[in-house]
Structures are given as C-alpha cells and as structure tokens.
Amino acid sequence: MPNKSVVIIGAGQCGLCMSHALSSRAIDHVVIERGDIGQNWRSDRWDSLRMLTPNWANMLPGMNHPDPHGYMTPCEFTAQLECFANQSGGEIQKNTTVQRIARKGAGFVTESDRGVWESQAVVLATGAASRPILPKLAQAIPAHIKQITPDQYRGPTDVPSGHVLVVGASATGVQLARELQLAGRQVILSTGSHVRLPRRYRGKDIEHWLHVTGVLDQPTGEIINLLRAMQLPSPQLMGGSHDVDLNALQALGVSVVGRLAAIRDGIALFSGGLNHLAASADLKMHRLFDLADQWIAENGIDVPEPNRPANTTLPSNPTLSLRLDSEDVQSVIWATGFAPDFSMLDIPAFDARGRLKHYGGVCDIPGLYVLGLPFLRRRRSHHISGAAADAEDLAAHLSGRLNDRTAA
C-alpha cells in the first residue's frame with residue numbers, strides 16, 4: 001500500500017494544475033486518472049466542438065499557443081494537457097478507476113481497481129461535468145423516440161432523421177441545435193433561463209471584456225446571491241466567429257419554444273414565459289456592454305464604436321405544446337446540464353441535499369479538497385482559466401495543514 005502526502009483524483013486541467021502547485025512546493029503526490037490525461041476531453045465531446053473561449057484564455061502555467069485568438073479543438077487541448085503534465089513532473093496513475101475513498105485515522109485511504117493509496121489529504125479534481133443531468137421528464141418520452149445526452153453525441157449521424165427536440169439552450173444546446181439544423185434536421189429548441197452573449201463586442205472577443213473588467217475575478221464572497229449565480233447556465237457561445245443566440249438560430253430555421261414543463265399523454269407542454277426570460281437575458285447582456293463601454297472610456301482604449309445586437313425577437317404566438325407520439329419527432333437531446341460525481345466518497349461529507357460541503361474548495365472533512373466547481377473561489381473557477389489560481393490557493397492551504405501536522 002503506497003503512501004503519499006496527497007492523492008489527486010482526475011488528470012484534467014484542475015488535477016494537473018494542483019499537481020503543478022504541489023510539485024512547486026515539493027509535496028509528494030499522485031494523480032489518479034480513470035483513462036488517459038484529459039479523458040473527458042477525449043471521450044465525452046462531439047466531433048465539431050471547439051473551446052468556448054479563445055486560446056489565450058485557455059493557457060495553463062508555462063503554456064502558449066501560436067494562434068492566441070483562435071479556438072482549440074478538444075484534441076488540441078489534450079495535447080496541451082499532456083505537455084503541461086510532462087513539464088510539471090508529477091506522478092500520474094492512468095487507466096485507474098477509483099472505487100472508494102474513506103477515512104483512515106487522521107488521513108485517507110483511496111481504493112482503486114489497480115491499487116490502494118494512503119494519504120494525508122485528497123483533492124477531488126474530477127470537475128463539475130462528470131455526468132449528464134437527465135430530468136425525470138425523460139421517463140415520459142414515448143418509446144419510439146431516441147433519447148441522447150451530450151456525452152453520447154458525436155455528430156448528426158447519431159441522430160435519426162426527422163424532427164429533433166433539443167431541451168436546454170445553454171452553450172451545449174444552442175451549438176447542437178445549430179449543427180443539426182444545418183445538417184437538415186428540423187430542430188425545436190426548448191429554452192428556459194439563459195445567458196445571452198455575442199462572440200465579439202467592439203472588435204474584441206467577449207471573453208476579453210469579461211477579463212479586463214474584472215467580472216471573472218470577482219471573489220465568491222462578494223456575490224450577493226451566490227446560489228442563484230451558481231445556477232446560471234453557460235452562455236450561448238461557440239468557438240469561432242458565429243453567434244448562437246436565439247435570433248441567430250431562428251434565422252437558420254430553428255423553432256424556439258419555452259421551457260419544457262411537462263409531458264402528458266405523449267404531448268410536450270412548454271412554458272409561456274420565454275419572452276420574459278429573453279428580455280431578462282437581453283438586459284443582462286446590455287449591462288455587460290455598459291461595463292465594457294465604461295472601462296473603454298476610463299482607459300482611453302481605441303476600439304470600434306458600439307454596434308450592439310438587436311434584442312431577442314420571438315414569435316407573437318408561441319408554441320405551447322408538441323405531440324411527441326407523431327412520426328415527425330424522432331429524437332430528444334437532453335442538453336440539461338452536467339453534475340459532479342463524488343460517488344466514490346465513503347465519507348459523511350455531504351449536506352442534506354447531497355451536495356459536497358466545502359468553503360472555497362476546503363471541505364468540512366479536514367484534509368479533503370475539491371477543485372473545478374462553479375464559483376468555487378471566484379467567478380472563473382470552473383473555467384480553464386480559473387484552474388491554476390484556485391489550485392494555488394488550495395495548495396497553500398493544504399501545505400499549511402501538512403506543516404502543522406508535521407510540527408505536531
């Protein structure tokens with residue numbers, strides 16, 4: 001049974017950034033990964049996907065890219081992860097499935113299909129998107145309709161011909177809706193609360209304005225309604241030059257409907273409140289434009305004049321129901337979000353709703369840490385650009401704990 005000071009679960013950007021931070025502090029550790037480095041990026045993404053953020057925003061410590069304003073494919077990003085892992089020099093145990101993590105004295109024991117490790121600390125770096133969220137409504141879908149989650153989708157050939165109901169209009173939903181509509185399917189996009197952003201504003205990628213205005217670096221403790229912020233969907237963006245908001249999708253022929261509220265007797269029922277949600281999304285988008293314009297004025301930056309997109313336009317008579325037992329609808333894609341998977345924890349580390357209890361990534365169980373969750377320490381925590389800063393913060397805390405135990 002090998003002993004390590006720290007066991008890190010997951011060799012994606014979060015786990016590798018933590019390995020890098022621990023290596024710089026000469027803290028011995030092992031990274032355990034269920035597959036290869038960056039396995040989620042390798043196996044759980046569709047073929048045409050490009051990163052939501054430009055390359056300059058996705059650089060890990062010491063990395064660079066010859067095209068900073070382009071958008072990497074997942075394959076290109078995994079190559080960066082491999083390079084980063086080699087430079088960091090941490091021990092990585094690949095193709096190893098963690099089955100159980102339990103307390104052992106003041107430390108932990110991590111059991112896997114390829115061995116057991118004892119450690120003083122464990123870092124959960126499997127991220128926030130380990131498994132797709134499938135709503136209970138899925139049980140009411142007629143049997144002839146194929147149901148698909150985003151981790152199962154690779155391209156339009158995975159989807160039967162006929163109409164496609166895409167449920168969810170965050171980044172994943174709008175991208176898949178666009179791709180399928182362009183591939184000749186008739187897409188119905190069920191839309192609830194959403195975050196609308198254009199790809200570019202005043203000549204710069206929208207990520208530039210989120211970065212320079214400090215929006216993404218706002219500490220979690222300064223967010224007034226943190227729970228509401230954590231529930232916000234990912235913005236309607238795709239890597240490249242195209243916008244994928246509701247106006248752009250409707251221009252391609254996508255039929256936009258409200259939130260899927262119920263399925264009764266083979267009929268999908270949609271909420272009638274989409275106009276209100278779209279107006280709210282437009283308002284928040286314009287607030288970000290105002291913040292960017294203010295920053296530009298204060299810093300005297302020479303950029304193009306504002307050219308704001310038009311507000312969302314929706315049908316005056318919205319579709320409120322759709323028969324699913326007809327021959328037209330052949331598939332449903334559940335773009336309804338992802339959730340973390342901490343099922344390997346055999347530790348009372350959860351609250352009454354099954355959520356991992358932590359403050360800024362430091363769990364209630366001494367020596368247990370978590371990385372990659374939304375708003376962990378700052379707004380950008382679940383972005384690739386947030387992994388290194390969060391890892392440094394938690395590594396400093398972890399190092400102090402190890403030193404205290406050694407001194408004791």
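# Exercises on a predicted model

The side chains of aspartate 351 and arginine 355 meet in a salt bridge, 3.0 Å from N to O. A salt bridge here is a side-chain nitrogen of Lys or Arg within 4 Å of a carboxyl oxygen of Asp or Glu. This is a predicted model: local features need pLDDT of at least 70, side-chain atom pairs count only at pLDDT 80 or more, and totals for chains, interfaces and linings use all residues. Residues are numbered from 1 along each chain as its sequence is written, and side-chain values use heavy atoms, with hydrogens and water left out.

## Exercise 1. Salt bridges

Task: Classify aspartate 351 and arginine 355 by exposure.

Solution. Start with the cut-offs. Buried means under 20% relative accessible area, exposed over 50%, and partly exposed in between (1.4 Å probe, protein chains only). Aspartate 351 has 25%, so it is partly exposed. Arginine 355 has 39%, so it is partly exposed. Now look for a network. Arg202, Asp290, Asp293 and Arg308 are joined into one by salt bridges that share partners. The structure holds 20 salt bridges.

Task: Find the partner of glutamate 91 and say where each residue sits.

Solution. The partner is lysine 4, and the salt bridge is 2.9 Å from N to O. Next, place both residues. Glutamate 91 is in strand β3, and lysine 4 is in strand β1. Helices (H or I, at least four residues) and strands (E, at least two) are DSSP runs, numbered from the N terminus. The pair is 87 residues apart and links distant parts of the chain. Glutamate 91 is partly exposed, because its relative accessibility is 34%.

Task: Do the same for aspartate 346.

Solution. Aspartate 346 forms a salt bridge with arginine 100, with the closest N and O atoms 2.8 Å apart. Aspartate 346 is in the loop between β18 (338-339) and β19 (358-359). Arginine 100 is in strand β4, 246 residues apart from its partner. Check exposure last. Aspartate 346 is partly exposed at 44%. Arginine 100 is partly exposed at 31%.

## Exercise 2. The nonpolar cores

Task: Describe the largest nonpolar core and name the element that gives the most to it.

Solution. A nonpolar core is a set of buried Ala, Val, Leu, Ile, Met, Phe, Trp, Tyr and Cys residues joined through side-chain atoms within 4.5 Å. The largest has 56 residues. Val6, Met18, Ile101, Leu124, Leu345 and Leu368 touch the most other members. Elements that each supply at least two residues include β1 (3-9), α1 (13-24), β4 (98-104) and α9 (384-407). Helix α9 gives the most, with 7 residues. A second, separate core has 25 residues, among them Tyr153, Val166, Leu176 and Ala177.

Task: List some contacts of isoleucine 101 and of isoleucine 92.

Solution. Contact means heavy atoms within 4.5 Å. Leave aside neighbours within four places in sequence. The contacts of isoleucine 101 then include Ile9, Phe108, Val122, Leu124, Met344 and Asp346. Isoleucine 92 lies in strand β3 (residues 91-93). On the same basis, its contacts include Ala11, Leu16, Val31, Ile37 and Ala85. Isoleucine 92 is partly exposed, with a relative accessible area of 22%.

## Exercise 3. Two helices

Task: Compare the span of α3 with its expected span, then find its buried residues.

Solution. The expected span is 1.5 Å times one less than the number of residues. For the 15 residues of α3 this gives 21 Å, and the end C-alpha atoms are 21 Å apart, which agrees. The buried residues are Pro74, Phe77, Thr78, Gln80, Leu81, Phe84, Ala85 and Ser88. They fall within an arc of 155° seen down the axis, so they line one face of the helix. The arc is that of the directions from the helix axis to the C-beta atoms. On the other side, Cys75, Asn86 and Gln87 are exposed. Glycine 89 follows α3, with a positive phi near 80°.

Task: Repeat the span check for α8 and name what covers its buried residues.

Solution. Helix α8 (residues 274-299) has 26 residues and reaches 38 Å from first to last C-alpha, close to the 38 Å expected. Its buried residues include Leu274, Ala278, Met285, Phe289 and Ile296. The cover includes β11 (200-201), α5 (206-212) and β13 (255-257). Glycine 300 follows α8, with a positive phi near 60°.
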